[in-house]
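Reader: I am in my first year and would like to understand one part of this structure closely, namely the place where the ligand is held. Could you please take me through that part and the loops beside it in one connected account?

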Amino acid sequence: MKLYGFSRSSAAFRVRIGLNLKGLQWEGININLPEGDQFGDQYRGINPQGRVPTLIDGDTVLYQSMAILEYLDEIQPQPPILPSDPAARARVRGLANVIACDIHPLNNLAVLKFLSNQIGAKKDDVNVTWYQHWVYEGFAAIEAHLKEDSVAGMFSHGDVPGLMDICIVPQVFNAQRYQCDLEPYPLLMSIFENCMLLDAFDNAQPSKQTD
Ligand SMILES: N[C@@H](CCC(=O)N[C@@H](CS)C(=O)NCC(=O)O)C(=O)O
């Protein structure tokens with residue numbers, strides 16, 4: 001498999017973790033986002049949206065990290081990243097979507113650049129007020145769920161890492177990069193730390209990528 005991604009892209013980071021957890025062989029292809037590689041004709045020919053990740057599996061071209069992760073879980077069911085019980089699956093998907101739908105899209109590079117360049121927002125308003133607000137709001141909701149739900153264990157759903165944990169780790173890396181105060185989220189941070197003890201997560205982190 002080939003993964004078009006970028007070291008600091010949290011959506012690509014999710015897929016790197018998924019591939020590693022599943023023990024799949026993959027080759028990374030770097031799309032340098034700050035330099036605008038995603039907008040070049042060559043990459044747009046592969047992914048018209050001009051975003052990473054894109055996963056190539058033979059003749060199959062896949063977009064959107066959450067869809068890619070579910071694809072990986074279907075073609076390589078062991079170890080599962082979603083529980084088998086429908087209600088439990090919905091819980092994990094719901095928690096994961098707090099990050100994938102309600103934090104990450106508001107804070108991704110295209111949005112931050114639009115706020116600065118098109119709306120004229122000041123750097124601190126974008127990188128501190130805006131960025132941190134969405135992290136704090138989403139993380140507070142996740143922390144409340146983790147506190148209430150007896151199913152949270154070493155990871156967000158029991159003692160096996162899954163889809164929610166795959167979303168937590170890259171989002172925490174980003175939050176740290178934007179100097180968010182993560183002390184109010186001890187349960188979320190303990191899950192982050194447990195994940196980072198695993199090679200699948202550790203080897204997927206930005207500093208361990210070739211770019
Ligand atoms: N919902 C998409 C988000 C993809 C996305 O926004 N990727 C970012 C990097 S994390 C990107 O490629 N940004 C390019 C840009 O903002 O120009 C997914 O989960 O794959």
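Author: Pro-53 is placed in the loop between α2 (41-46) and β3 (54-57). In this predicted model, the peptide bond that leads from Val-52 into Pro-53 is cis, and its omega is near 10°. Val-52 deserves attention for two further reasons. It is listed with Gln-38, Gln-64, Ser-65 and Ala-110 as one of the closest residues to the ligand, and it is also among the lining residues that lie nearest the centre of the largest pocket. The cis bond before Pro-53 therefore involves a residue that belongs to the surroundings of the ligand, since a residue is counted there if one of its heavy atoms lies within 4 Å.

A second loop brings us to Gln-64, which is found between β4 (60-63) and α3. The backbone of Gln-64 has a phi near 70°, a positive value in a residue that is not glycine. The side chain of Gln-64 also takes part in the surroundings of the ligand: one of its polar atoms lies 2.7 Å from a ligand nitrogen atom. Next in the sequence stands Ser-65, with which α3 (65-75) begins. A polar side-chain atom of Ser-65 is 2.6 Å from an oxygen atom of the ligand. Gln-38 offers a further pair, with a polar side-chain atom 2.7 Å from a ligand oxygen. These three pairs count as polar contacts because each joins N or O atoms within 3.5 Å. Taken on its own, the ligand has 510 Å² of accessible area, and the protein covers 91% of this.

Let us now consider the whole shell. There are 16 residues around the ligand, and by class they comprise seven nonpolar, seven polar and two charged residues. Two elements give two or more residues to this shell, namely α1 (10-21) and α6 (109-117). The largest share is that of α1, which gives three residues.

The ligand sits in the largest pocket, whose volume is about 780 Å³. This pocket is lined by 36 residues; besides Val-52, those nearest its centre are Arg-51, His-104, Asn-108 and Leu-109. Two or more lining residues come from each of α1, α3, α4 (86-102), α5 (104-107), α6 and α8 (163-177). Here α6 gives the most, with four residues, whereas in the shell around the ligand the largest share comes from α1. By class, the lining has 17 nonpolar, 14 polar and five charged residues.

The loop between α3 and α4, two elements of that lining, holds Pro-79. The peptide bond from Gln-78 to Pro-79 is also cis, with omega near -10°.

Finally, the second largest pocket may be set beside the one that holds the ligand. It contains about 190 Å³ of space. Its lining consists of 15 residues, and the closest to its centre are Trp-26, Gly-28, Ile-29, Gln-209 and Thr-210. The elements that give two or more residues to this lining are β1 (2-5), α1 and β2 (27-30). By class, the lining divides into six nonpolar, six polar and three charged residues. The helix α1 thus appears in the account of the second largest pocket, as it does in that of the largest pocket and of the shell around the ligand.

Note on methods
Residues numbered from 1 in each chain as written. Predicted model: local features only at pLDDT ≥ 70, side-chain atom pairs only at ≥ 80, totals over all residues. Heavy atoms only, no water. Polar contact = N/O pair within 3.5 Å; in protein donor to acceptor, adjacent residues only side chain to side chain. Areas by Shrake-Rupley, 256 points an atom, 1.4 Å probe, with all protein chains shown as cover. 1 Å grid on protein atoms, 1.4 Å probe; cavity = no way out; pocket = protein on both sides within 12 Å on 5 of 7 lines; lining within 4 Å. Sits in = over half its atoms within 2 Å of the grid points. Nonpolar A, V, L, I, M, F, W, Y, C, P; charged D, E, K, R; others polar. Points joined across faces, edges and corners; volume = space filled by probe spheres on them.
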